[in-house]
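The exercises below ask you to read a structure step by step, and each is followed by a worked solution. Please try each task against the sequence and the structure before reading on.

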Amino acid sequence: MIITQKKPIDEVMAMVGDAKRIGIVGCSSCATACATGGQKEVAELAAYLESQGKTVVVTAVAEYCCMNLGVRGTLKPFQDKQLDCVIGMSCGDGVQVVANNINVPVYPSNNTMFLGEAKKLGLFEEACHLCGNCVLGTTGGICPISRCAKSLVNGPCGGAKNGKCEVNPENDCAWILIYNRLKDTNQLEKLSVRREDKGYADVSYPRTINIRGKK
Ligand code: SF4
Ligand code: SF4
């Protein structure tokens with residue numbers, strides 16, 4: 001899922017500026033799991049804005065802020081409210097979808113951090129850099145792009161100490177994890193597979209995918 005963190009409230013207020021009539025849109029998916037844009041966080045931000053003399057005219061929590069059609073429906077009650085701005089409490093994608101569907105300034109309340117997994121409540125770990133050419137099949141299901149500090153695709157740099165990464169000793173060396181996983185699953189021969197330099201041609205932005213074959 002997309003991991004987000006709340007921006008400092010002063011930063012949000014600086015964006016809001018002199019705006020008086022405000023709408024807030026949260027997201028029931030990733031931002032709810034991150035406690036950055038669910039019902040509770042929307043209500044908390046609304047209460048704060050009211051305490052600062054703003055009028056929160058309308059709030060909603062979209063099912064998925066990244067889904068255009070759903071967001072369009074969620075924003076219907078926002079359209080005729082003479083809003084000065086809308087605050088999007090989702091990931092950066094969701095904020096852009098909201099901005100595409102309402103003709104007032106839209107401001108993000110969150111910073112979008114990474115694509116990762118929820119290890120347990122409140123603990124998130126980065127897991128994928130969306131590289132466009134997944135190599136997990138040869139690396140024991142452990143991503144060398146996002147889990148290795150140098151994104152090495154053909155083995156370790158040699159700097160690990162006691163299993164920890166030389167760049168950040170708080171992290172396990174991804175390539176030691178990969179070795180151990182391949183060994184445990186009888187796939188050690190995959191260590192000798194030479195992976196092409198990523199090159200990153202597949203991640204020239206912005207990317208578009210249409211499973212029906214048309215843009
Ligand atoms: S190799 Fe890593 S960064 Fe690339 S798609 Fe797979 S998990 Fe994501
Ligand atoms: S120590 Fe391991 S995880 Fe850290 S940069 Fe080197 S190979 Fe990558």
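**Exercise 1. List the residues that surround ligand 1, and sort the shell by residue class.**

Begin with the shell: ligand 1 is surrounded by C128, H129, L130, C131, C134, V135, L136, C143, I145 and S146, where a residue is near a molecule or strand if its C-beta atom, placed from the backbone, lies within 6 Å of it. Then sort these residues, which gives eight nonpolar, two polar and no charged; here Ala, Val, Leu, Ile, Met, Phe, Trp, Tyr, Cys and Pro count as nonpolar, Asp, Glu, Lys and Arg as charged, and the others, Gly among them, as polar. Before going further, keep in mind that this is a predicted model, in which local features need pLDDT of at least 70 and side-chain atom pairs count only at pLDDT 80 or more, while totals for chains, interfaces and linings use all residues. Residues are numbered from 1 along each chain as its sequence is written, and chains are lettered from A and ligands numbered from 1 in the order in which they are written.

**Exercise 2. State how many residues surround ligand 2, and how they divide by class.**

The shell of ligand 2 holds 14 residues, of which the closest are C148, P156, C157, C165 and C173. Sorted by class, the shell of ligand 2 consists of 11 nonpolar residues, one polar and two charged.

**Exercise 3. Work out the strand order of the four-stranded sheet, and find its edges.**

Helices (H or I, at least four residues) and strands (E, at least two) are taken as DSSP runs, numbered from the N terminus, and two strands pair if DSSP finds at least two bridges between them. Start from β2 (residues 21-27), which runs parallel to β3 and is joined to it by seven bridges, with G26 standing opposite V61 in β3. Next, β2 is joined to β4 (residues 85-89) by five bridges, again running parallel, and I22 has C85 of β4 as its bridge partner. Continue to β5, which pairs with β4 in the parallel sense over three bridges, I87 having Y107 of β5 as its bridge partner. The result is an open sheet with the order β3-β2-β4-β5 and parallel pairing. In this sheet β3 and β5 (106-108) are at the edges with a single partner strand each, so one side of each has no neighbour in the sheet. From one strand to the next, the twist averages 25°.

Finally, add the helix: α5 (residues 92-100) packs on the sheet and touches β2, β4 and β5, its direction making about 175° with that of β5. Contact means C-beta atoms, placed from the backbone, within 7 Å, and the axes are lines fitted to C-alpha atoms, for helices over the stretch in contact, with angles from 0 to 180 degrees between N-to-C directions.

**Exercise 4. Decide whether strand β2 is enclosed or open to its surroundings.**

A residue is buried if 20 or more other C-beta atoms lie within 10 Å of its own, exposed if 12 or fewer, and partly exposed in between, with C-beta atoms placed from the backbone. Six of the seven residues of β2 are buried, so this strand is largely enclosed by the rest of the structure.

**Exercise 5. Describe the three-stranded sheet.**

This open sheet has the order β1-β6-β7, with antiparallel pairing. Its edge strands are β1 (2-6) and β7 (123-128), each pairing on one side only, and neighbouring strands are turned by 70° against each other on average, direction ignored. Between β1 and β6 (residues 110-120) there are five bridges, and K6 has N110 of β6 as its bridge partner.

**Exercise 6. Find which residues of α7 are buried, and how they are arranged around the helix.**

The buried residues of α7 are A174, W175 and I178. Seen down the helix axis, these buried residues fall within an arc of 90° (taken over the directions from the helix axis to the C-beta atoms), so they line one face of α7. Their cover includes α6, whereas the face of α7 turned away from the buried side carries the exposed residues K183 and D184. Just after α7, N186 takes a positive phi of about 55°.

How values were computed: Contact = placed C-beta atoms within 7 Å.
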